[in-house]
Amino acid sequence: MSSAQENREDGVPPDRGIEEVDGGDSAGSTKTCLGTNEIKSRAVVKYSAAPPPTTYALLQEKTDLKLPPANWLRESPQLGPAGSTVLGSSSKSKPFSSFGMAYDFIDSIGDDVDVVSDSENIKKLLKIPYSKSHVSMAVHRVGRTLLLDELDIQELFMRSSQTGDWTWLKEFYQRLIDQKWQRKKKSKEHWYQKAILSKFLYYSINGDGAAEPVPDSDNPEERDDECGAEEFGPSWPATFTNTASDSEESAESAPLDSKYALGQVASKEQNLATLFNEGENSQGLRNDFVRNILWTFEDIHMLVGSNMPIFGGGRYPAVSLRLRDNNKPINILTGIDYWLDNLMCNVPELVMCFHVNGIVQKYEMIKTEDIPDLENSTFSTRVVKDIAQNILSFLKSNCTKEGHTYWLFKASGSDIVKLYDLTTLCEEAAEEKCQNPFTLPVAVLLYKVASNMMLKKIQNRKHYGTIRTLLLNCVKLLDQDRHPQIIASAHYMLAELFQLDEPPEEGVGGDSLPAGGSEDSYSDDEEDPEDLPEDSDENGCCGTTSDPQDDSKAVAIIKSVGELSVPEKYKSTHQIRPIYAFPVSQDKEERCRHVLSYVLKGLKAVDGSIKKESDLPAADPNTPIPLKYEDGSKDVEKGMALLLDRGRPSLTHQGMIPGSWQHRMKQQLFFKASKAYYVLSDAATNLRKYGRALRYIKLALQCHDAYCSVSSVLHPRVLMFHSQCLSLCGDIQLMLAQNASNRAAYLEEYSYQTKEDQELLHSLHRESSCQAFNMATDLATDPEYQLFVSSKCYEAAHELLTSRAVKEHGPEQLAQVLKRLGNIRNEIGVFYMNQAAAMQTEKEVKKAVSVAEQEMWKKSFSCFEKGMKDFEAIKDSTNTSLLLCNTGRLMRICAQAHCAVSDDQSRGEFSPEEALYYNKAIDYYLRAMRSLATRENHPAVWDSVNWELSTTYFTLATLLQDYAPLSRKAQEQIEREVTEAMLKSLKYCDLQTESARQPLYQYRAATIHHRLASMYHSCFRNQVGDEHLRKQHRSLAELHYTKAARLFVSLKDAPCELLRTLLERVAFVEFTMAGQCVGAKLKTLTGALDILMETHHAFLLVRKELTGTFCQESPETPDSGEVMQLIGVFEPSFSFLMLQLVKLMTGMKRKPSNKDEDLLKTYKNVYSKLLRAEKTAPLLSRVDLFLDLLQQLIQQTGSGDHGASS
């Protein structure tokens, strides 16, 4: 009796095992120390279907294991698959076991884990240098992860012999292997040993220690036969060699995720078995292991499946049980087996039961770290570590292409290990790729890894290149006729990789894949042979063998298994974490074209899966429904109804079952295509390619039309996007209306169509006529119609956004649409207003206002009113004030149309209608200013409104003054109204702010002062009786003449206006001289002369303009006729002043002073020259004469001391 048995009898309770039920993660670490050798091993149980370990039962000595226990071969959770047959353990792997694990732990695939495999395969690889047995494994690569599965060639050929497939591989295999190696039937001794192992395990959980009879039905001989049959029975899933119809049927049965069609990451309970046929066809893809363990061996991360029974008892919480024949020593292969099993399952102790001819002899307990030192089984753990690292490096360096099936093969008794690319060999054999049984599981795994990476919201975009590579390789593997669902879904995800509404992040995208790597390859650039070790012979990846013809087919060769024990003999040349530059161009159009290309491929896959009889003849995409604005409003209203109709779903499915994968996939692809065309249209709009933009938005709306045809309910995001499309369509139509001069170029852009667009339209026409938006997307020739269509697009977008389904989702978008709606109504209002103004200008004979003009006013006013409401709804005071300003302008046009005309076609009196409309205009301008509140809110708009308001007041005052309605109002009332209007206009003349309008304000202010001075001058002349009022008018006239002259002088470009103002002022002064005494007259005349001398500046300006030296920005000469007219007034006035001054100074009673004599002499000289001047002399000569005379007077009079006064 062993010490373990003694502890058991002493009642020492066993510790609880490390495993947990239902996927509980348990972790543990062990280190095996052998002298200076230390191996790092850590195991984390990711999933366990076994119950917590129970204490194993110590069998009594002399127990006969040949007798079956009562519970033999009955289902046992403790033993799992290991005890369900007489095999005792699952020594034979299923061909797709790694895929079952990969599907369950998809998060770990591609980046975190180096290897996924059955523990038995891992052990077989690590024992290659010690074993002469054959090795045959299939290797697949997904990212940095390798999937290893046993590839039983003999069984594959037995199964494929029924179909005739893989004949090329059979012939190749027969040339390759030693003919001596054939599958040998297991001996009776083999089955005997397996049977007693199974009985031993059942005894260990039964614990009664006695043999009991077994039922007749459980005859061990029958079990032996059954097991033997299973050993040779088919274990390959039939799905992967199924017919096209079977594949289609199974694909259609797959559940679709709302986003990526095949669903998110499958759990343990919900895997991808639904993609394939049920029953035996899918059993190879199931994860049937009792436990899945994440095992880290040194720096290698492996996801392994294990069915090893684990018990409690002994000095540790978990032990493994082994049965050994006492007459047969443990060899090194068995030791490595036991050691690796315990490391993988994190079991610290091994309990070995020894028997002789089935009779139990004793138990022995061995620590896991002591297994390498067992007698006759000594091995170096460091060497095992080197073997593992070398094999992994060898595989990763050479298994570089995703989607390819590699075959790692070592013949029985051979020291050479060869790696073949079966996918390449299959292609060379010109046989269909679907004949590779691994094709579909590999493609699905690539798809699922990509899908999982896409669904991670925090996923960095730097992985988009990897996702693209995974999906492209997935598509390459599959036949579109057999697996349209996966292909369509993969193309949709490829389209999703391209961010259409955001610029690519820096460092994320490049223009192409990195040099040296292809889309399906994860290897670096080929190494330069000079960089390899001299003695490596390129790491043994190629070399001569006994059969060069066959070796040439190998991807790589290990010339001797002994090389695997050499540390770092095979160095990996693969990228640890391959990152591909995502081929994203900065050009939006190129990105959208990529998207549309993938969408088209996806649609072709979907269309190909729909039964042929459901196909309808394609409509001609170049035949639009004719809708003409001139035909009346009915067509337009129908078009408007269609715009909104497509905001609601309509069912017109053609050959698709609602809810099927084809149905959902088409929805997603249509929507993606619509977004791509929208982005293209937006980009073209920014480039001012409006014809191209209209073509793209038409395609976007056609895609949306098709989307609505296959949708029963429209999501709010779809309605919002539809609103964006309509809004952009409205923008484009507005731009086309405003740029009518380029219509020919726009028509050429609009008519162009790529082959890809035509093919996509063909797919759209299978579901919809795609003509619902023809009214909105037609390239019309009438600007008015284009403006109208633009407004209807905005109205439809607004109606969608205010609907109950979308109202709460897009407040920002609603504000933008309202702004556009207000803007288009302003544009239409301005359009009608300009038409009304044009009608007014084109009138040959002024007559009453026409009905057409009034109709234009009403339309314009209505648009302005609606636009103001739109802007007020979003509290846009700036644009509201602009519309109020435009309405004011409309009122002024109405006023101009109502001007009175006399019988001789001359301008009549200022009419009441004119006054009414001008006052309305003033009201709108004042409202506009109130809307802005202060200039700081928007200086440009404020200045514009301010100018218009000043102009309106000025125009009103001018018309009142020039065409006074004396038949209706008294002169005094008119003068008051004119004064009031002029002063208000003057109030809004901004003379202080420096701007482009400042000279205009100065000129207007000067003109206002001049007009007021002239009016007061006239009142002073005509006023009789009221002396106080006369004095007031005289004072006001002098004040306004002075201000007008000062402002005209400051302008420097209004010499005629300055000259006229000064001459009127001189006349005003001369008029006041009547009735004065001699002294007063002399003083008045001297003052008038001072004013007249100020004309020197005006004549100087006139001369400069005449000689072309004045203000080179305005080289045009002044109106010579106006100058001549003013000279005709100036010269007599000048002569009269000189004559009167000479007379008064000559007739003075007192003796004149010397200064008076000099002045008199000068006056006489000037007067003499004026009399002798030729009236027919050239204008320039006369101006020069006046300048000379005025200069003499200025020099003589000095600083204003003009001599005598009385």
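## Strand β2 and a distant partner

Let's start at K46, which is found in strand β2, spanning residues 37-48. The model is a predicted one, and in it K46 is partly exposed, with a relative accessible area of 25%. Follow the backbone of this lysine across the fold and you reach N292: the two residues are 246 positions apart in sequence, yet their C-alpha atoms are 5.5 Å apart in space.

## The protein as a whole

Stepping back, the protein has 39 helices and 15 strands. It is made of 1206 residues, and 54% of them count as buried. Its accessible surface comes to about 53400 Å², and carbon and sulfur atoms account for 50% of that area.

Contacts across the sequence deserve a look too. Among the contacts in the protein with a separation of 6 or more, 77% involve residues 24 or more positions apart.

## A three-stranded sheet and its helix

One open sheet has three strands in the order β8-β9-β10, with mixed pairing. β8 (319-325) and β10 (359-367) stand at the edges with a single partner strand each, so each has one side without a neighbour in the sheet. From one strand to the next, the twist averages 25 degrees.

As a reminder, strands of a sheet pair through backbone hydrogen bonds, in either a parallel or an antiparallel way. Here β9 (residues 349-356) and β10 run antiparallel and are joined by eight bridges. If you want a residue pair to look for, F354 has K362 in β10 as its bridge partner.

Helix α10 (residues 332-344) lies across β8 and β9, and runs at about 165 degrees to β8. In the loop between α10 and β9 you will find N346. At 10% relative accessibility, N346 counts as buried, and its phi is near 60 degrees, a positive value in a residue other than glycine.

## Strands β12 and β14

Another antiparallel pairing brings together β12 (residues 417-421) and β14, with four bridges between them. Within this pairing, K418 has I557 in β14 as its bridge partner. How enclosed is strand β14? Four of the five residues of this strand (residues 554-558) are buried, so β14 is largely enclosed by the rest of the structure.

## Aromatic pairs

The structure holds 25 aromatic pairs. In one of them, Y678 and F721 meet edge-to-face, at 5.6 Å centre to centre and with 70 degrees between the planes. Y678 belongs to helix α19 (residues 661-686) and F721 to helix α21, so the pair ties together parts that are 43 residues apart in sequence. Both rings come from buried residues: Y678 has a relative accessible area of 18%, and F721 has one of 6%.

A further edge-to-face pair is formed by Y1003 and F1048, with 6.0 Å centre to centre and 70 degrees between the planes. Y1003 lies in helix α32 (residues 998-1022) and F1048 in helix α33 (residues 1027-1051), so this pair ties together parts 45 residues apart in sequence. Y1003 is partly exposed at 35% relative accessible area, whereas F1048 counts as buried at 2%. Elsewhere, ring pairs link W295, F297, W339 and F379 into a cluster.

## Charges over rings

Aromatic rings also meet charged side chains. The charged end of R907 sits over the ring of Y963, 4.8 Å from the ring centre. For R1021, the charged end sits over the ring of F1071, 4.8 Å from its centre.

## Two loops between helices

The loop between α20 (690-709) and α21 (716-738) contains L714. Is L714 buried or exposed? With 8% relative accessibility, L714 counts as buried. The C-alpha atoms of L714 and A805 are separated by 9.2 Å, although the two residues are 91 residues apart along the chain.

The other loop lies between α33 and α34 (1055-1072), and K1052 is found there. Most residues other than glycine have a negative phi. K1052 has a positive phi of about 65 degrees although it is not a glycine. At 52% relative accessibility, K1052 counts as exposed.

Terms used
Residues are numbered from 1 along each chain as its sequence is written. This is a predicted model: local features need pLDDT of at least 70, side-chain atom pairs count only at pLDDT 80 or more; totals for chains, interfaces and linings use all residues. Side-chain values use heavy atoms; hydrogens and water are left out. Buried means under 20% relative accessible area, exposed over 50%, partly exposed in between (1.4 Å probe, protein chains only). Contact means heavy atoms within 4.5 Å. Accessible areas come from the Shrake-Rupley method with a 1.4 Å probe; for residues, only the protein chains shown count as cover. Rings of Phe, Tyr and Trp (its six-membered ring) pair if their centres lie within 6.5 Å; planes under 30 degrees apart count as stacked, over 60 as edge-to-face and the rest as tilted. A charge sits over a ring if NZ of Lys or CZ of Arg is within 6 Å of the ring centre and within 35 degrees of the ring normal. Two strands pair if DSSP finds at least two bridges between them. Axes are lines fitted to C-alpha atoms, for helices over the stretch in contact, and angles run from 0 to 180 degrees between N-to-C directions.
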